[in-house]
Amino acid sequence: MPGGTIAYLLKFAPKEAYIDDLLKGHLYMNAAEYHNGLPGEQGDPLEASMVLPACIYGNYRLPIYCMYTVRENNIVDNTVKILIRMIREFGCVDG
């Protein structure tokens, strides 16, 4: 598998309140159509690709919970290395 096997799935959130909600068991999801229509590089053309036989184009109302995949090669000295581009795209530049 390119990049190694999956080590973690991370959730980015632009507001601490969103993380608090997640810790309380509340998941916030947008429809696949929302993600596919984002400007620039944000929209992932493979959105919903892990939900077989779902297809973004045939199932635009499918709710999607977005997470970031950390592969084994993204971990250096027990630290997860995340591209700054990904941090910006998830709206978390301030950490």
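Q: Where in the chain does Asn78 lie?
A: In this predicted model, Asn78 belongs to the loop between β5 and β6.

Q: Why is Asn78 called exposed?
A: The term exposed requires a relative accessible area over 50%. Asn78 has 79% relative accessibility, and therefore counts as exposed.

Q: What makes the phi of Asn78 worth recording?
A: Asn78 is not a glycine, yet its phi is positive, at about 60 degrees.

Q: Which loop holds Asp77, and what is its phi?
A: Asp77 is located in the loop between β5 (75-76) and β6 (79-80). Its phi is near 55 degrees, which is a positive value in a residue other than glycine.

Q: How do you know whether Asp77 is buried or exposed?
A: The relative accessible area of Asp77 is 72%. Exposed means over 50%, so Asp77 is exposed.

Q: Why is Asn30 assigned the class that it has, buried or exposed?
A: A residue is buried when its relative accessible area is under 20%. Asn30 has a relative accessible area of 19%, and so it is buried. This residue is found in strand β2 (residues 30-31).

Q: What makes the pair Asn30 and Tyr28 a polar contact?
A: The cut-off for the N or O atoms of such a pair is 3.5 Å. The side chains of Asn30 and Tyr28 are joined at 3.3 Å, and therefore the pair qualifies as a polar contact.

Q: Which residues form the largest nonpolar core?
A: This core has five residues, namely Phe12, Tyr68, Val70, Met86 and Ile87. Two or more of these residues come from each of the elements β4 (68-71) and α3 (84-89). As a general point, nonpolar side chains tend to be buried together in soluble globular proteins.

Q: What makes the arrangement of Lys11 and Tyr65 a charge over a ring?
A: For a lysine, NZ must be within 6 Å of the ring centre and within 35 degrees of the ring normal. The charged end of Lys11 sits over the ring of Tyr65, 4.4 Å from its centre.

Q: How many aromatic pairs are counted?
A: The count is zero aromatic pairs. The cut-off for pairing is that ring centres lie within 6.5 Å.

Q: Why is Met67 called partly exposed?
A: Partly exposed covers what is in between the buried limit, under 20%, and the exposed limit, over 50%. Met67 has 35% relative accessibility, and so counts as partly exposed. Its place is the loop between β3 (63-64) and β4.

Q: Which residues are in contact with Met67, leaving aside its neighbours within four places in sequence?
A: Met67 is in contact with Leu9, Leu10 and Lys11. In addition, the C-alpha atoms of Met67 and Phe12 are separated by 7.2 Å, while the two residues are 55 residues apart along the chain.

Q: What makes Arg88 exposed, and where is its place?
A: Arg88 has 52% relative accessibility; the limit is over 50%, and Arg88 therefore counts as exposed. Its place is in helix α3. The C-alpha atoms of Arg88 and Pro14 are separated by 9.9 Å, with these positions 74 residues apart along the chain counted as their separation.

Q: What is the secondary structure of the protein chain?
A: The protein chain has three helices and six strands, in the pattern β-α-β-α-β-β-β-β-α along the sequence.

Q: What part of the protein chain is buried, and what area does the chain expose?
A: Of its 95 residues, 19% are buried. The protein chain exposes about 7,300 Å², of which carbon and sulfur atoms supply 57%.

Conventions
Residues are numbered from 1 along each chain as its sequence is written. This is a predicted model: local features need pLDDT of at least 70, side-chain atom pairs count only at pLDDT 80 or more; totals for chains, interfaces and linings use all residues. Side-chain values use heavy atoms; hydrogens and water are left out. A nonpolar core is a set of buried Ala, Val, Leu, Ile, Met, Phe, Trp, Tyr and Cys residues joined through side-chain atoms within 4.5 Å. Buried means under 20% relative accessible area, exposed over 50%, partly exposed in between (1.4 Å probe, protein chains only). Helices (H or I, at least four residues) and strands (E, at least two) are DSSP runs, numbered from the N terminus. Rings of Phe, Tyr and Trp (its six-membered ring) pair if their centres lie within 6.5 Å; planes under 30 degrees apart count as stacked, over 60 as edge-to-face and the rest as tilted. A polar contact is a pair of N or O atoms within 3.5 Å; within protein, one must be able to donate a hydrogen and the other to accept it, and residues adjacent in sequence count only if both atoms are side-chain atoms. Accessible areas come from the Shrake-Rupley method with a 1.4 Å probe; for residues, only the protein chains shown count as cover. Contact means heavy atoms within 4.5 Å.
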